[in-house]
Amino acid sequence: MGQSESAAEALRGAVADYQRLVDETEDEPALLEGLSGSRMDLANTLVQLGKDGDAFEAYQKSVADFDLLLKFRPGVPDFQANLAISHTNLAQILYRYGSPHRAREECESGLRVLNDLIILHAGIGRFREAHATNTVIFGLILRDLNQDELALDALTGAAQSFQQLADDLPSILDYKRR
């Protein structure tokens with residue numbers, strides 16, 4: 001068993017333990033936070049292992065976890081960002097497996113959350129980067145749906161967002177490479 005397989009097994013155990021504790025304590029926010037983070041880590045690991053079906057299920061549950069967590073702790077930027085990323089990761093799996101309409105819906109859900117985040121936290125580069133990256137994915141989905149004008153608008157907007165990040169945060173090399 002490789003390292004990623006071992007990591008996936010450990011994360012499955014963590015998810016099961018957190019789920020049991022969350023069920024026993026009626027959605028204790030601190031435990032729900034551990035569950036949602038562990039489930040998202042598991043989903044990311046499953047994607048690396050090429051287990052998109054299992055990752056898809058884990059991302060769906062991650063979305064539900066973060067939605068519930070945000071009811072207990074509304075407005076926590078990291079939880080909002082993780083919710084958006086979970087939506088976008090679902091969109092990417094749907095896109096790869098030929099469900100562009102559903103992929104578009106998931107991507108739009110993620111972008112709505114990220115739009116709110118960058119309005120409230122415009123100075124946080126990683127939220128702006130996530131928004132720009134998600135907009136690229138959205139543009140590619142629109143292109144496959146033969147919505148070329150909307151796709152071009154999305155991709156142009158993403159390119160402008162990355163350029164603005166590079167201009168605003170010149171010390172971060174990742175933004176300069178895009």
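How many Å should the 20 residues of helix H2 span at 1.5 Å a residue? Select residues 29–48 to see: the expected span is 28 Å (1.5 Å times one less than the number of residues), and the end C-alpha atoms are 29 Å apart, which agrees. Helices here are DSSP runs of H or I with at least four residues, and strands are runs of E with at least two, numbered from the N terminus.

Before going on, note that this is a predicted model, where local features need pLDDT of at least 70, side-chain atom pairs count only at pLDDT 80 or more, and totals for chains, interfaces and linings use all residues. Residues are numbered from 1 along each chain as its sequence is written, and side-chain values use heavy atoms, with hydrogens and water left out.

Next, click on Gly50, which follows H2 and has a positive phi, near 80°.

Now jump to His87 in helix H4, residues 77–96. Is His87 buried or exposed? His87 counts as buried because its relative accessibility is 11% (buried is under 20% relative accessible area, exposed over 50%, partly exposed in between, with a 1.4 Å probe and protein chains only). Show Val63, Glu106, Ser109 and Gly110 too: His87 is in contact with these, leaving aside neighbours within four places in sequence (contact means heavy atoms within 4.5 Å).

Finally, zoom out to the whole protein. You'll find 8 helices and 0 strands. The C-alpha atoms fill a box of roughly 50 × 35 × 30 Å along the principal axes. Colour by burial, and buried residues make up 40% of the 178.
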